[in-house]
Amino acid sequence: MHRLIQKMRPYLLAWLRRSRSGPASLVRRLSYKDMKRATDGFRRIIYSNTHGAAYRARFQDGEVALVKEVKDLNQGKDKFFKEVQLLGQLHHRHLLALKGFSIGCKRLLVFDNIENGSLKEHLNDPLKTPLNWNTRLQIAIGVAAALEYLLLFSNPPIYHVSISASNVMLDENYTAKISDVGLLNSVGDYVTMPHSSNSEDCMDHACGNLTFQLGVLILELITGQSSEKGSTDLIQWIQESRFRSSIQKMIDPDLGNNYDSRELKNLLAVARLCIKSGDKPKFSIPQIFRYLQKVENTCE
């Protein structure tokens, strides 16, 4: 089977690149004044890291989008325009699509609809509608699907990606969208990705970090708790030998009893596998994606 996959990979890649990548013709230059107005003077911050802040923007036509600042001071205009061009070619159901850019005092990337905000808002804000079990499961599967695409099928290859409840966005249908992706070489919080379309390249230190981030995200979906700001409680819990005895205490109260216990246990097993792998992952992102699909299918 492995030999067959390797033999068919070039043809599969060619098909995926034709069907999922395309020209950046729909990416428009937008008014900086409109960006400032839509973000309330850049005060509606969704998340922030060493690369800049991401803002919630509401435009006059009612559309809600994510506006992301590019803060790399070493990046000249030509490099910024190249990033815009390359990001505009990415097409995947679980990636935020780039729709425009703007240049003024800040260099801004404008991404697609984020009607329901970030995953973190729905897990931590009591005023937000709680996510049901199936939606949480679909978010985990969707994020893993996007990572597989970025690792194996993205053309051009991805250099950086970061996953957290803060930067996973939800559209009007609560479909998960990864928002923190970079195509040009840089430094900071991102995980540097391998540049070869081969699943065996997904077993190094960089992908170990990415696998770890995915495991943490799954734990947050299950528990409703945050692991950000240096908290290690969730990570310590899932690594304990007797963690199963305290599962009921850790499940997000918002779920009540409205979840499938078999799916829950299998999802926890995937999260534990991701986190315990550490710097030396035993399974690649594509393999983990398949495991998550099986979790969904176990009770069908």
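**Exercise 1. An aromatic pair towards the C terminus**

Is Tyr291 buried, partly exposed or exposed, and at what relative accessibility? Determine also the geometry of the ring pair that Tyr291 forms with Phe283.

*Solution.* The structure is a predicted model, and every value below is computed from it.

Step 1. The relative accessibility of Tyr291 is 28%. A residue is buried under 20% and exposed over 50%, with partly exposed in between; Tyr291 therefore counts as partly exposed.

Step 2. The partner, Phe283, has a relative accessible area of 23%. Phe283 is therefore partly exposed by these cut-offs.

Step 3. The ring centres of Phe283 and Tyr291 are 5.5 Å apart, and the planes make an angle of 75°. Planes over 60 degrees apart count as edge-to-face, and the Phe283 and Tyr291 pair is accordingly edge-to-face.

**Exercise 2. The surroundings of Phe42**

Describe the aromatic pair of Tyr32 and Phe42, and state which parts of the chain it ties together.

*Solution.*

Step 1. The structure holds seven aromatic pairs. One of them joins Tyr32 and Phe42, with 5.7 Å from centre to centre and 45° between the planes. This pair is tilted.

Step 2. Tyr32 belongs to helix H2 (residues 32-38), whereas Phe42 is in the loop between H2 and strand S2 (45-49), so the pair ties together parts 10 residues apart in sequence.

Step 3. Both Tyr32 and Phe42 are buried.

Step 4. Tyr55 enters the picture as well: ring pairs link Tyr32, Phe42 and Tyr55 into a cluster.

Step 5. Phe42 also has a charged neighbour. The charged end of Lys106 sits over the Phe42 ring, at 5.4 Å from its centre.

**Exercise 3. The hairpin that carries Tyr55**

In which sense do S2 and strand S3 pair, and over how many bridges?

*Solution.*

Step 1. S2 and S3 (residues 52-58) pair in the antiparallel sense, over four bridges.

Step 2. Two residues stand between S2 and S3, and the two strands form a hairpin.

Step 3. Within this pairing, Tyr55 of S3 stands opposite Ile45.

**Exercise 4. Salt bridges across the sequence**

Compare the placement of the salt bridges Glu63 to Lys99 and Glu69 to Lys106, and add the accessibility of each partner.

*Solution.*

Step 1. Side chains of opposite charge can pair when their charged atoms come close. The structure holds eight salt bridges.

Step 2. In one of them the side chains of Glu63 and Lys99 meet, at 2.8 Å from N to O. Glu63 is in the loop between S3 and strand S4 (64-70) and Lys99 is in strand S5 (residues 98-103), so parts 36 residues apart in sequence are tied together.

Step 3. Glu63, with a relative accessible area of 21%, is partly exposed, whereas Lys99, at 18%, is buried.

Step 4. Glu69 forms a salt bridge with Lys106, the closest N and O atoms being 3.9 Å apart. Here strand S4 supplies Glu69, and the loop between S5 and strand S6 (107-113) supplies Lys106, the two being 37 residues apart.

Step 5. Glu69 counts as buried at 12% relative accessibility, and Lys106 as partly exposed at 22%. Lys106 is also the residue whose charged end sits over the ring of Phe42.

Step 6. A further salt bridge joins Lys128 and Glu121, whose closest N and O atoms are 3.6 Å apart. Lys128 is partly exposed, with a relative accessible area of 23%; Glu121 is likewise partly exposed at 23%.

**Exercise 5. Buried helix residues**

Which residues of helix H3 are buried, and which residues does Val295 touch beyond four places away in sequence?

*Solution.*

Step 1. In H3 (residues 77-87), Phe80, Glu83, Val84, Leu86 and Leu87 are buried. Their cover includes S4, S5, S6 and strand S10 (181-182).

Step 2. Val295 is located in helix H10 (residues 285-297). With a relative accessibility of 3%, Val295 counts as buried.

Step 3. Leaving aside residues up to four places away in sequence, Val295 touches Leu137, Glu263, Asn266, Leu267 and Val270.

Step 4. Val295 and Lys265 are separated by 30 residues in sequence and by 9.1 Å in space, C-alpha to C-alpha.

Step 5. For the whole protein, buried residues make up 53% of the 300 residues.

Methods
Residues are numbered from 1 along each chain as its sequence is written. This is a predicted model: local features need pLDDT of at least 70, side-chain atom pairs count only at pLDDT 80 or more; totals for chains, interfaces and linings use all residues. Side-chain values use heavy atoms; hydrogens and water are left out. Rings of Phe, Tyr and Trp (its six-membered ring) pair if their centres lie within 6.5 Å; planes under 30 degrees apart count as stacked, over 60 as edge-to-face and the rest as tilted. Buried means under 20% relative accessible area, exposed over 50%, partly exposed in between (1.4 Å probe, protein chains only). A charge sits over a ring if NZ of Lys or CZ of Arg is within 6 Å of the ring centre and within 35 degrees of the ring normal. Two strands pair if DSSP finds at least two bridges between them. A salt bridge is a side-chain nitrogen of Lys or Arg within 4 Å of a carboxyl oxygen of Asp or Glu. Contact means heavy atoms within 4.5 Å.
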